[in-house]
Amino acid sequence: MFELTENNASLDRASQYELVLSHCLVKLGVNEKRWHHADAFTAAIDYARKSGYLNAKNELTVLGKSFVALQNLELSEAA
């Protein structure tokens, strides 16, 4: 874990992954009451794979990276 925090590229990949999963959780309508935590993340990963954001190894695809870039652009414009 400490290796992840010392490497900025790893942190960037982690935050990209989190951004995609966060989007998928919203799309699934996940809320605290209805979903068990592990079930919610499993559903989000499945949704991300089916949407083309993640590959079979749960790595960001080109579409996933493009989605992140678009989201980052929208976030920077909102600030």
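User: Is alanine 56 buried or exposed, and how do I tell?

Analyst: Look at the relative accessible area: a residue counts as exposed when that value is over 50%. Alanine 56 has a relative accessible area of 72%, so alanine 56 is exposed. Keep in mind that this is a predicted model.

User: Where in the chain is alanine 56?

Analyst: Alanine 56 belongs to the loop between α3 and α4. You can also relate alanine 56 to aspartate 46: they are ten residues apart in sequence, and their C-alpha atoms are 9.7 Å apart in space.

User: Which residue of that loop is partly exposed?

Analyst: Asparagine 58 is one example, and its place is the loop between α3 and α4. Its relative accessibility is 24%, so asparagine 58 counts as partly exposed. The backbone is worth a look too: phi of asparagine 58 is positive, near 60 degrees, in a residue other than glycine.

User: Let me step back. How many helices and strands are there?

Analyst: The chain has four helices and zero strands. Along the sequence, the pattern reads α-α-α-α.

User: What should the length of helix α3 be, and what does the model show?

Analyst: The idea is to multiply 1.5 Å by one less than the number of residues. Helix α3 covers residues 37–51, which is 15 residues, so it should span 21 Å. The C-alpha atoms at its ends are 21 Å apart, in agreement with that. Just after α3 comes glycine 52, with a positive phi near 90 degrees.

User: Which residues of α3 are buried?

Analyst: Start with the general picture: an α-helix has 3.6 residues a turn, so residues three or four places apart point the same way. In α3, the buried residues include Ala40, Ala44 and Ala48, along with Ala43 and Ile45.

User: What does the largest nonpolar core look like, and which helices supply it?

Analyst: Here we look for buried nonpolar residues joined through their side chains. The largest nonpolar core holds 13 residues, and Val20, Cys24, Ala44, Ala48, Tyr53 and Leu54 have the most contacts inside it. Helices α2 (8–28), α3 and α4 (62–78) each give at least two residues to this core.

User: What does valine 20 touch?

Analyst: Leaving out residues up to four places away in sequence, valine 20 touches Ala48, Tyr53, Leu60, Gly64, Phe67 and Val68. Now try glutamine 16, which sits in helix α2. With the neighbours up to four places away again left out, glutamine 16 touches Leu60 and Val68.

User: Is glutamine 16 buried or exposed?

Analyst: Buried means under 20% relative accessible area. Glutamine 16 has 17% relative accessibility, so glutamine 16 counts as buried.

User: How many aromatic pairs are there, and how are the rings arranged?

Analyst: A search of the whole structure gives one aromatic pair. The ring centres of tyrosine 53 and phenylalanine 67 are 5.1 Å apart and the planes meet at 40 degrees, so this pair is tilted. Tyrosine 53 is in the loop between α3 and α4 while phenylalanine 67 is in helix α4, so the pair ties together parts 14 residues apart in sequence. Both tyrosine 53 and phenylalanine 67 are buried.

User: And what are the totals for the chain?

Analyst: Of its 79 residues, 23% count as buried. The accessible surface is about 5900 Å², and 56% of that belongs to carbon and sulfur atoms. Among contacts with a separation of 6 or more, 36% come from residues 24 or more positions apart.

Terms used
Residues are numbered from 1 along each chain as its sequence is written. This is a predicted model: local features need pLDDT of at least 70, side-chain atom pairs count only at pLDDT 80 or more; totals for chains, interfaces and linings use all residues. Side-chain values use heavy atoms; hydrogens and water are left out. Buried means under 20% relative accessible area, exposed over 50%, partly exposed in between (1.4 Å probe, protein chains only). A nonpolar core is a set of buried Ala, Val, Leu, Ile, Met, Phe, Trp, Tyr and Cys residues joined through side-chain atoms within 4.5 Å. Contact means heavy atoms within 4.5 Å. Accessible areas come from the Shrake-Rupley method with a 1.4 Å probe; for residues, only the protein chains shown count as cover. Rings of Phe, Tyr and Trp (its six-membered ring) pair if their centres lie within 6.5 Å; planes under 30 degrees apart count as stacked, over 60 as edge-to-face and the rest as tilted.
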